[in-house]
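Q: I have a new structure open and would like to learn how to read it. Could you walk me through it, one feature at a time?

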Amino acid sequence: MQVLENERFRVEINEQGAELTSFRSKATGTEYVWQGDPAAWKRHAPILFPIVGRLKDKTYTVGGKAYEITQHGFGRDLPWQASRESDTCVSFTLTPNEYTKKMYPWDFVCTVRYTLDGASLKKEHITQNRSATPMYYEIGGHDAYNLCWQEGERITDYFVAFEGTDRLHRIVTDEAVMLTETRTDIALENGRLPISRALFAGDAVMTEGLPVHRASIGCTKNSRTVTMDFADFDYFAVWSPYKDFEVPFVCLEPWSTLPDGTYLDHAIEHKQGVRVLQPGQSETLAFTTTIHE
């Protein structure tokens with residue numbers, strides 16, 4: 001476990017999956033990251049790489065050759081190599097091995113750098129193609145933040161606020177949670193998407209075309225917020241598992257790419273939003289989470 005710390009916050013990241021596991025306030029003692037209770041969801045903030053979501057028939061093709069890969073990719077399930085840069089910055093690097101090559105044929109280097117600055121945690125995803133051919137990849141966040149920061153609150157006291165819009169363009173999925181070509185509008189209440197158990201009965205609220213790439217978890221009973229800025233990501237989802245009880249967390253999920261759709265073929269280059277890197281090329285996609293207390 002790698003620890004980042006300043007006078008205001010303490011952050012913990014697990015080398016397994018390079019996964020954020022704690023973002024705790026020293027002033028209030030509040031733990032903002034979901035602690036992985038398996039009764040609801042065993043994870044905290046997995047990194048989605050090199051795909052986002054499910055695949056049609058669990059398969060994609062490269063030049064006609066078929067590959068099978070686990071949901072959301074293998075990045076979240078493997079150990080990453082940690083490299084400390086300072087008390088408030090650490091990087092994690094993942095490279096190919098025999099296991100990854102069976103699912104993903106390219107030679108890559110994926111580095112995730114965490115930097116704690118005041119009340120903000122920046123997460124940079126740096127992906128490089130070391131293959132001799134163009135490399136297709138996807139990357140995304142799946143960060144779960146606790147609700148009910150103070151006693152007596154319920155999840156229905158919480159909302160996710162979006163700036164510059166009065167509605168979300170929701171991407172409709174089918175019964176297998178696969179992408180469809182249908183879009184529907186969700187009206188917001190003063191820019192707010194109210195959190196409720198029923199909101200996630202159809203899985204994640206996936207959106208595109210946001211005028212401002214910023215979302216904030218807030219509460220009607222206190223003034224705290226958890227705000228995520230994700231200018232580098234074209235797609236965004238809000239998710240919590242649909243259970244027979246109120247689950248006290250919500251995930252903020254910036255995605256480079258949308259999940260697969262039944263109306264698409266299996267070619268990875270046809271997935272909506274998929275990234276492509278030429279041989280030797282690299283790019284960085286980052287998002288930052290800031291806690292206001």
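**Pocket, loop and rings**

A: Gladly! The largest pocket holds about 290 Å³ of space, in what is a predicted model. Of its 17 lining residues, R54, Q71, H72, H142 and D203 are the closest to the centre.

Q: How is empty space found, and what kinds of residues make up the lining of the largest pocket?

A: Rolling a probe the size of a water molecule over the atoms shows where empty space is left. Here the lining of the largest pocket divides into seven nonpolar, six polar and four charged residues.

Q: Now to a single residue: is D87 buried or exposed?

A: D87 counts as exposed, because its relative accessibility is 60%, over the 50% cut-off. You will find D87 in the loop between β6 (81-86) and β7 (89-94). Leaving aside neighbours within four places in sequence, D87 is in contact with V3, L4 and E5.

Q: How do I read a pair of aromatic rings, such as F74 and Y104?

A: A pair of aromatic rings is described by the distance of the centres and the angle of the planes. The whole structure has 21 aromatic pairs. For F74 and Y104, the centres are 6.2 Å apart and the planes lie at 65°, so this pair is edge-to-face. F74 sits in the loop between β5 (65-68) and β6, and Y104 in the loop between α1 (98-103) and β8 (108-117), so the pair links parts of the chain 30 residues apart. Both residues are buried.

Q: Which aromatic cluster includes F74 and Y104?

A: F74 and Y104 join F49, W106, F108, Y136 and Y137 in one aromatic cluster. Elsewhere, R192 lies over the face of F159, 4.0 Å from the ring centre.

Note on methods: Residues numbered from 1 in each chain as written. Predicted model: local features only at pLDDT ≥ 70, side-chain atom pairs only at ≥ 80, totals over all residues. Heavy atoms only, no water. 1 Å grid on protein atoms, 1.4 Å probe; cavity = no way out; pocket = protein on both sides within 12 Å on 5 of 7 lines; lining within 4 Å. Points joined across faces, edges and corners; volume = space filled by probe spheres on them. Nonpolar A, V, L, I, M, F, W, Y, C, P; charged D, E, K, R; others polar. Helix = DSSP H or I, 4+ residues; strand = E, 2+ residues; numbered from the N terminus. Buried < 20%, exposed > 50% of the residue type's maximum accessible area, 1.4 Å probe, protein only. Contact = heavy atoms within 4.5 Å. Phe/Tyr/Trp six-rings, centres within 6.5 Å; stacked < 30°, edge-to-face > 60°. Lys NZ or Arg CZ within 6 Å of the ring centre and 35° of its normal.
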